[in-house]
Each structure stands twice: as C-alpha cells, then as structure tokens.
Amino acid sequence: MDEETRLIHAGAVDSLRAKTVSPPVQRGSTVLLPNAKALYDGTLGYGRAGLSAQFALMDALAELEGATAAQLYPSGLAAVTAAIMAVLKAGDHLLVVDTVYQPVRYFCDRVLSRFGVAVQYYDARLDAAGVLALATPATRAILLESPGSLSFEMQDMAALAAAARARGILTIADNTWGAGLLVKPLAQGVDISVQALTKYVCGHSDVFLGSVATADPATGALIKASVADHGWSVAPDDAYQALRGLRTLSTRLARHGETGLTVARWLADQPEVLTVLHPALPGAPGHALWTRDYSGTCGLFGVVLQPGSPARVEALLDALEIFGLGFSWGGFESLAISCDPQLTSRTVAVDYGGPLMRLHIGLEAPADLIADLRRALDAYSA
Ligand SMILES: Cc1ncc(COP(=O)(O)O)c(C=O)c1O
C-alpha cells in the first residue's frame, strides 16, 4: 500500500491494550462496525450517543441518583430545558417555582410560549396543597428547585411529588445544590432529577455538563428518545472530567459544607448581617426540611445585609480579596455575587429586609475567608 494509505490506517486500535482504573477517553464521531448486518441491527452505530467515558459517567450518575438511567447534556441549563421538552407538548401547562434559576425562566418565557406551553410561576413558600391548587386540567409537570436559587427557600419535595402524582402530574427537580449526594429526589418520589454537573460534580469551574435522571422506565424512554431527536451530545473529555470529579465529590462536599457552616455561623453574629439564608443553619428558614431530608450541606448560601444602598454592596464586593466575583459555584474556590438585580424578574416580590448576596464557600481555610469577609463588611459600613 502507498504510504498515504498506510498513514491513514497505521496504529488503529483493535482492542484495549491495558485495563486502567478510569475508562479510556474514546474520541470518535465514527464508530466502526464489525460487519454489514451491524449497520442496521441497533448496535451502537454513531459516537453522538456517547462512547466509553460518557457511558461510564451515565452509569455512575444513575447509581448516584438511584435512577434506572441518566442522560448527559452539554450544560446544566440544557439539561433542565431538555427534561421539560422531553415530557411536555403543545397545550400543556407547566408550574415553575418562582425561585428557579433565572435562565430557565427565560427559556419558559421565550421558548415554551412559542410552542404553546403555558407557564405559571408559583411562590416557593407555598406548601404542596397550595402549589397543587394552581394546577389546571392541562398541568403536565411541576418544575421545582430546592433550595431555590439565590434565596434558598426549601420545598417539601416528598409532599409535592406525592400530591402531584395523585393528580397525574410529573415533578422535575433541579438537584444541583444536593449534587446527587446530599438528597435523593427520586427516592422522595420526584419523577425526574436534573443536575448542573458543572457545579460540584465537575468541581473545578472549568467544564459545562448536565444530567437528567429518572427511576421510571417509561419516562426514561421519553428522555432518551428526546436526546437522540434533539442531537444532544457531550464531549468525551468533559465526561471524563465529571467522572473524575465524582470520585472526590463526597470529600469535597464535606469540606465545602463544614467551612460553609463555620462562615455562616460567624456571619449570623455580625452587626452588618440581617439574616443568613442557609437551610443547614439551625433557626434558618427551611431548616426543619433540611434536617428531615438531607444528609449534609454544600457550601452555597445567601446573606441578607442590614439595609444599605447598592453602592455599599458594590463597595463590599470590591473589598473582597480571596472571594472571586463570579457567577456559578461548586468549584474549589470561594465566590460572591450580589443578587438584587436578578430578583426583579421574579413574579412574587419578596422583601428580604436588605440587600441579598450569595456566597459560595470554597476549600480555602475558614479563618482566611472570615478575615476577607470582615474586611468587606467594614467596607459596607464605612
Ligand atoms: C440551580 C442551577 N441549575 C442550573 C444551572 C445551569 O448550569 P450550567 O451553568 O451548567 O448551564 C445553574 C447555574 O448556575 C444553577 O445554579
């Protein structure tokens, strides 16, 4: 054969040469099939559906979530919107918690509306009966997030799931705060558990990935078909990073949670702080539900400051030296954002009593984080 041809085929892998602890990262769009029959017999025939690393991650996530199957998406937002699209059709009605991650609201308002799905936002403080009272004969699903984005309202997932199921309504939970480890929505009766793996599972602020898991085979079939129909696909290297993150998830979460509580307790005693919105903090809103349902906490919570101007909040954030200013969370580093500019898009206006900040507590030493926050609170009161 000519060298040009040999260059194309030299070094082709026929089988794995050695078994490693982690799966090989197979990069491939084309999958070579063993014979002509296999082209059409349902054998995995194309790399878009995933290869070794993606399948290993899907299996691991299914186990973590207590699911029969988990699917992957190129971001957490894509996972939420894909879960919705998999189970809804024109004419359906969707109830969405008002504290939902803000870009999901944009999807509901801009995209679902174009496809004839009606959306109603409900107050995160409503109990299950209150939420179900908003359901119509067309309500097909309830999208909940507990604790809620930015303001950390806890929802009784088990009660909501049971009440919804009794009416033939599906529940979809954004389980990113629990990271698949701290709470088990599917065991609570929720039909679909969604995660932004971008946060704690990947854990290093450098990968976008999402997952959708369910324990119900019929719902699982809908979700799987929808992945194929929409052409969702994730890169093997990203799946590998998520799988690697899973191996240390429980250790990292324990540290995030412990330092987070240390910082939260300290903040609660500071004169510039009105309230700390941390479900794992005794006395905080939602603490009873957290105690009942959660095995631990992560490092993400809210802080309500004593009333002060937006300029003072900016002075506080600008005084931080260790905390970065940035959206997202779940990485090894501490982050802070102001929340009030995002709250204006909510349907229910809640007065938290002062400016709301969100902190993500990373893996730094607690004393250094506290010193950083003390400097920042001085700037707030200056
Ligand atoms: C609760 C929640 N769900 C979903 C997402 C979306 O994840 P991604 O950034 O991977 O799209 C985020 C991102 O901040 C989030 O906070």
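The following legends describe close-up views of a predicted model.

**View 1. The two domains of the protein.** The protein is divided into domain 1, residues 37-247, and domain 2, residues 249-381. To the contact between them, domain 1 gives 36 residues and domain 2 gives 40 residues. The C-alpha centres of domain 1 and domain 2 lie 26 Å apart.

**View 2. The area buried between domain 1 and domain 2.** Together the two domains bury about 3,400 Å² between them. Of this area, 59% lies on carbon and sulfur atoms. Within domain 1, the residues that lose the most area to domain 2 are Leu150, Trp177 and Tyr200. These three residues together account for 26% of what the domain 1 side buries.

**View 3. Polar contacts and the salt bridge across the interface.** Between domain 1 and domain 2, 24 residue pairs are in polar contact, counting pairs in which both residues have pLDDT 80 or more. The interface also holds 1 salt bridge. Arg292 forms a salt bridge with Asp156. The closest N and O atoms of Arg292 and Asp156 are 2.6 Å apart. Because Asp156 falls within 37-247 and Arg292 within 249-381, this pair joins domain 1 to domain 2.

**View 4. The side of domain 1 that touches domain 2.** Three helices each give two or more residues to this side: α4 (102-110), α6 (157-166) and α8 (236-247). The largest share, 3 residues, comes from α8. Sorted by class, this side of domain 1 has 16 nonpolar, 12 polar and 8 charged residues.

**View 5. The surroundings of the ligand.** The ligand is surrounded by 13 residues. The closest are Gly76, Leu77, Asp174, Thr198 and Lys199. Leu77 takes part through its backbone, where an N or O atom lies 2.8 Å from an oxygen atom of the ligand. Asp174 instead places a polar side-chain atom 2.7 Å from a nitrogen atom of the ligand. In the side chain of Lys199, an N or O atom is 2.7 Å from an oxygen atom of the ligand.

**View 6. The loop between β4 and α6.** Pro147 is placed in the loop between β4 (139-145) and α6. The peptide bond that leads from Ser146 to Pro147 is cis, with omega near -5°. Leu150 is found in the loop between β4 and α6 as well. Although Leu150 is not a glycine, its phi is positive, at about 70°. Leu150 also appears in View 2, as one of the domain 1 residues that lose the most area to domain 2.

Terms used
Residues numbered from 1 in each chain as written. Heavy atoms only, no water. Contact = heavy atoms within 4.5 Å. Buried area = accessible area lost by both parts, 1.4 Å probe. Salt bridge = Lys/Arg side-chain N within 4 Å of Asp/Glu carboxyl O. Polar contact = N/O pair within 3.5 Å; in protein donor to acceptor, adjacent residues only side chain to side chain. Helix = DSSP H or I, 4+ residues; strand = E, 2+ residues; numbered from the N terminus. Nonpolar A, V, L, I, M, F, W, Y, C, P; charged D, E, K, R; others polar. Near = heavy atom within 4 Å.
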